[in-house]
Amino acid sequence: MKRRDLLKAALALPALRIPRTADLTRSAPPSGSAPPASVGPARRAAVQAGEAAPTSADFVVVGSGAGGGTVAARLVEAGYSVIVLEAGGDPPSVPYDVPAFHPFATEHEAMRWDFFVHHYGDPAKERNDPKYLTDKGGVWYPRAGTLGGCTAHNALIFVYPSNNDWNHLADLTGDSSWRAEKMRAYFERLEDCRHRRVARFRHKLGVNPSRHGFDGWLPVEKAAPAEAIRDGKVRRLFAASIRNAVKEVGLPSPARLESLGDPNDWRVISENEFGACYTPMTTRNYQRVGARERLLDVRRRYPDRLTIELNALATRVIFDDQKRAVGVEYLKGERLYQAHATPSELPGEPRQVRARREVILAGGVFNTPQLLMLSGIGPESELRRHMIPPVVVLDRVGRNLQDRYEVAVVNRMEHPWDMLRGATFTESDSQYEEWKSNRRGIYTTNGVPLCVIARSTAGQPSPDLFCYALLTDFRGYKPGYSEVVRERPNYLTWVVLKGHTNNTGGTVTLSSRDPRVRPVINFNYFEDGTDAAGDDLTAVVKGVSLVRRMTAGLQQTLGLVEEMPGADYPTEASLRDFVRAHAWGHHASCSCPIGPRDRGGVLSGDFKVYGVEGLRVVDASVFPRVPGLFIASAVYMIGEKAAEVIAAAQQVAGGRGRGAEAEAGGRGGRY
Ligand SMILES: Cc1cc2nc3c(=O)[nH]c(=O)nc-3n(C[C@H](O)[C@H](O)[C@H](O)COP(=O)(O)OP(=O)(O)OC[C@H]3O[C@@H](n4cnc5c(N)ncnc54)[C@H](O)[C@@H]3O)c2cc1C
C-alpha cells in the first residue's frame, strides 16, 4: 500500500476508542524497573520503563502537547516512524482525569512547570498586581510539563476559532489551503462531537450543515450535562444570564437557534454569531481526553512505529554541514527543567536521537523559541549575548508573543451553591464516587456551565469577548488559587476574556545558554505593547461592564455582593486602572510566527523554519495572530494540517534521500 493511501486510510478511521486506565494497565508492556516517583500506580502502563534508548526514526517530535501529540500521532498512522521526546513524565490519573479537578491539575507537583512572567517592563507597574510575586520577580504562568502538555491540565474548553483567523493566514501566506472553508475539514477530522445527537444522526444520513466531526479521535461533550445541574440557584443563574444576554446582544439568529447554544456550529461560525452558549469540553464519558490519550492509543496500535521517550529534555537541534536538521540532543532524567515544581539537581544523561526525515519542534510557546535560540536560530543580538554560534539569524524568534487579556468579576453569595455542598474536590467524597462509578454529578463538569460571546464594539470584525461563568472564586493564576475553589463554594465569578488582542509586543528571550534554565518572558501589556490606540484596554473594560449588567438582576435572587472589582471601581474610567493591574492571560502564543520572511516571519506557511532544512514548528507558537477565543482547538487543527503537509512533501520527495532507509525496509517503510 502506498503512503498516500495509508494516510487516506488513517484519516478515514472510525472513532477511536481510547482505553480507560484499566485497559491501559492490562496492555502494559512488561516492565523491569519502577516508574518515576511522580507517577501514580494507575499510570505505570504509559511509561516505557526498561525500554532501550531510542536511536532514530523518520521524524523526531519535541513535545507531546496539543501540537506535538497531534502531528506525531497522525504521522505514525500515515506509516512513518516517530520518536516523541517529552520532558515530563506521565500525569497521575487524579487529578488528570476528572473535569472538575482541572485547577488542582495546574498546581499538581507531578506535572507543574512554573513560569514567572512580566506583564510590564517597569517593576513599579508590576507590583500593582496582587498576583505579582516579589520573591519570584513575576506573575505565575502555569504550564504542564508532562505527557499531553497543557492538554493535561487545561480547563478542557473547546471553542472553534473564527474564520477570520484562518483567512488572515491565507492572505499572509498566499496559500489558499489556510482558507477557513478548508481549515474546517481538519476540525471535522479530529472531532468526535457527542453533544449534538440530532446532528450526529443527520450526519449518518449524509446531511451535516453543522460541519461537526463525528468520527474523529477527540471526543467533545457538553460541560454541564443536565443531570449535573440539580441546583435551583444555578438554573436561575442560567435563566437570568440568557435573558440578559438577549437584552445585551439581541435575539439569536435562526442559525444560533438551530445550533441550540453550540458555539462550534459551522453556521454560527460562518455568520460570526454571538450570544449565550454552553461550553463544549474535551472529554469522553466525562473523563479528560487530550494529546496524551491520542498518543497512547496510537502507540497501542503501532508499537513498532511510535516511541514516546518521557523525561527527555531536548537541549539542541543537530544540524549537518548543509544546515539540515538531522537529530536532537537531549538530557534523559526526571524533572530536569528548572520550571518543574520540584526540579532535580541531577545533571541528566546526555543522549541523541537521529531524524531520518525531519525534526518537528512542539515544545510550546515559551520552549520552542528557547530551543531554536539554543540551536543557533534567533535574533543576532540574543545569539551573540549568549555566545551561541549562529546557524541562521531570524529576528522574530521569541518576538511577536501574544496572549488574551482576562479579568475576573467576583461575586460573593449569601449561601453556597447547593450542588457544591460537601464537595472536597478529593477522592474521598460522595461526589467523586458518583463521578467514578456513574459518571454523574458535579465532577463531570469543568465548572464552566455557561458563556456569553459578544463584540466589545460594533466595529469588531469577529466577536472578541468571551465571558464565562465559574461557580467559585477565581481571580487569576496565583500559587494556591486552587485551594480557594475548595474553600469558597458561595461565589460566582464571571471571567471576561478579550480575544483578538492587538498587542504583538511580547518577548521570549534567553536568560542563559543552559537549556535547563527558563527564558525571560515579558508580555508588555497595554501601553507597553503595540496597541497604540488602546483598543484592548477599552474592550476589557466594556466586558466588565457587560457582565456587571448581566448579574445586576441576580443581586436580589442570589444575594450577590461584588467583591472584585468592587465598589472602588464604579465607572469605566476607574476600571481602566483595575484592568491594567489585574489582567492575566493563559493562551500565550505566536512566538515563532508563520509569515513572509521579509515581513518578520519565522516559518513558511508549511511550518518550515526559514534558512534551514528539515526543521518545522507545530505548536501554539506558529500563529501570526492569537486565534479565536480559546486556543487549543486551533492548535489541534494545525497539528492535523501539519501532518498532511509533511506527508504530502514526503510523497513529492518520493522517499528518496534521508528517508531512503525507511523506504528500503526500515521501521517506517514496512508498509
Ligand atoms: C491553566 C491553563 C488552562 C488552559 N485551558 C484551556 C482551555 O480550557 N481551552 C483551550 O482552548 N486552551 C486552554 N489552555 C491553553 C492550551 O491548553 C495550550 O495553549 C495548548 O495546549 C498549547 O499547545 P502546545 O502544543 O503549543 O504546547 P503544550 O500543550 O504546552 O505542549 C508542550 C509540551 O512540550 C514539552 N516540552 C517543552 N520543552 C521541551 C523540551 N525542551 N524537550 C522536551 N519536551 C519539551 C512540555 O513538557 C509539554 O508537554 C490552557 C492553558 C493553561 C496554562
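**Exercise 1. Sort the residues of the shell around the ligand into nonpolar, polar and charged, and find which helices and strands supply at least two of them.**

Start with the classes: Ala, Val, Leu, Ile, Met, Phe, Trp, Tyr, Cys and Pro count as nonpolar, Asp, Glu, Lys and Arg as charged, and the others, Gly among them, as polar. The shell then divides into 20 nonpolar, 19 polar and 3 charged residues.

A word on the model: it is predicted, so local features need pLDDT of at least 70 and side-chain atom pairs count only at pLDDT 80 or more, while totals for chains, interfaces and linings use all residues. Numbering runs from 1 along each chain as its sequence is written.

Next, count the shell: 42 residues surround the ligand, where near means a C-beta atom, placed from the backbone, within 6 Å. The closest are G63, G65, G149, G363 and A632.

Finally, assign elements, taking helices (H or I, at least four residues) and strands (E, at least two) as DSSP runs numbered from the N terminus. At least two shell residues each come from α3 (66-77), β5 (138-144), β13 (312-319), α14 (367-374) and α21 (632-653).

**Exercise 2. Decide whether α14 is enclosed or open to the outside.**

Apply the burial rule: a residue is buried if 20 or more other C-beta atoms, placed from the backbone, lie within 10 Å of its own, exposed if 12 or fewer, and partly exposed in between. Going along α14, you will find N367, T368, P369, Q370, L371, L372, M373 and L374 buried. Because 8 of the 8 residues are buried, α14 is largely enclosed by the rest of the structure. Just after this helix, G376 takes a positive phi of about 95°.

**Exercise 3. Describe the largest nonpolar core and the contacts of V82.**

Such a core is a set of buried Ala, Val, Leu, Ile, Met, Phe, Trp, Tyr and Cys residues joined through C-beta atoms within 7 Å. The largest has 193 residues, and V82 is one of those with the most contacts inside it. Its largest share, 11 residues, comes from α21.

Now list partners, with contact meaning C-beta atoms, placed from the backbone, within 7 Å. Leaving aside neighbours within four places in sequence, V82 contacts A57, D58, F59, V61, A72, L75, V76, R305 and L306.

**Exercise 4. Place Y491 in its surroundings.**

First, find Y491 in strand β21 (residues 491-498). Y491 counts as buried because it has 22 C-beta neighbours inside 10 Å. Beyond four places in sequence, Y491 touches V410, N411, R412, M413, T472 and D473.

Terms used. Contact = placed C-beta atoms within 7 Å.
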